[in-house]
Amino acid sequence: SDIMRKGEQLPRSAPGDHLLPTALDEMSKKGIGMTCVVDGDDRLLGIYTDGDLRRTLEKRDNIRDITVGEVMTGNPLSIAPGRLAAEAAQVLEKKALGGRLVVVSPEGKLVGALTFHDLLAAGVV
């Protein structure tokens with residue numbers, strides 16, 4: 001939790017309310033190559049990443065009318081906020097997650113996200 005991105009740094013999208021172009025704008029503004037898809041209570045439902053975008057473009061000609069909830073990756077791998085940064089680095093290394101990991105409370109609420117670059121900057125890896 002000491003090095004994770006949180007608050008306004010954290011990209012968020014609603015599953016049915018946000019059309020994919022809106023979610024892509026959120027991804028670009030926050031600069032970590034993904035957006036976290038959450039419900040009205042900030043519970044994590046899934047993520048949408050740069051890789052998901054490539055896969056969506058391979059399958060669909062027009063992405064303007066797709067909601068992020070239709071194409072998100074559900075149940076993404078996550079880590080609890082109280083875990084050590086070194087553990088997050090191990091998860092990222094073992095699972096090849098594109099260098100990003102969401103941080104979720106025991107209740108399933110989104111509390112943050114971190115990237116491999118965040119771990120590098122903190123001197124963890």
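The following exchange takes up some salt bridges and a surface patch of this predicted model.

Reader: What makes the contact of Arg100 and Asp50 a salt bridge?

Author: The term asks for a side-chain nitrogen of Lys or Arg within 4 Å of a carboxyl oxygen of Asp or Glu. In the pair of Arg100 and Asp50, the N to O distance is 3.7 Å, and the contact therefore falls within the 4 Å cut-off. Arg100 belongs to strand β6 (residues 100-104) and Asp50 to helix α2 (residues 50-59), so that this pair ties together parts that are 50 residues apart in sequence.

Reader: Why is Arg100 called buried, and why is Asp50 called partly exposed?

Author: Arg100 has a relative accessible area of 16%, and because buried means under 20%, the word applies to this residue. Asp50 stands at 32% relative accessibility, a value that lies between the limits of 20% and 50% and is therefore described as partly exposed.

Reader: How do you know that Glu70 and Arg60 form a salt bridge, and which parts does the pair tie together?

Author: Their side chains meet at 3.8 Å, N to O, which is again within the limit of 4 Å, and so the pair qualifies. Glu70 lies in helix α3 (residues 68-71), whereas Arg60 is found in the loop between α2 and α3, so the parts tied together are ten residues apart in sequence. Glu70, at 48% relative accessibility, is partly exposed, because exposed would require over 50%. Arg60, with a relative accessible area of 33%, is likewise partly exposed.

Reader: What makes Glu87 partly exposed rather than buried?

Author: The relative accessibility of Glu87 is 23%, and since buried means under 20%, Glu87 is counted as partly exposed. Its salt-bridge partner Arg83, with an N to O distance of 2.3 Å between the side chains, is partly exposed at 47%.

Reader: How many salt bridges does the structure hold, and which residues are linked in a network?

Author: The structure holds ten salt bridges, and a network of such bridges links Asp39, Asp41 and Arg43.

Reader: Why can Leu120 be part of a nonpolar surface patch?

Author: A residue of a patch must have over 30% relative accessible area and no salt bridge, and Leu is among the side chains taken as nonpolar. Leu120, in helix α5 (residues 116-121), has a relative accessible area of 40%, and therefore passes the 30% cut-off. Together with Val124 and Val125, Leu120 makes a patch of about 210 Å².

Notes: Residues are numbered from 1 along each chain as its sequence is written. This is a predicted model: local features need pLDDT of at least 70, side-chain atom pairs count only at pLDDT 80 or more; totals for chains, interfaces and linings use all residues. Side-chain values use heavy atoms; hydrogens and water are left out. Helices (H or I, at least four residues) and strands (E, at least two) are DSSP runs, numbered from the N terminus. Buried means under 20% relative accessible area, exposed over 50%, partly exposed in between (1.4 Å probe, protein chains only). Patches are made of residues with over 30% relative accessible area and no salt bridge: like charges are joined within 9 Å, nonpolar side chains (Val, Leu, Ile, Met, Phe, Trp, Tyr) within 5 Å. Accessible areas come from the Shrake-Rupley method with a 1.4 Å probe; for residues, only the protein chains shown count as cover.
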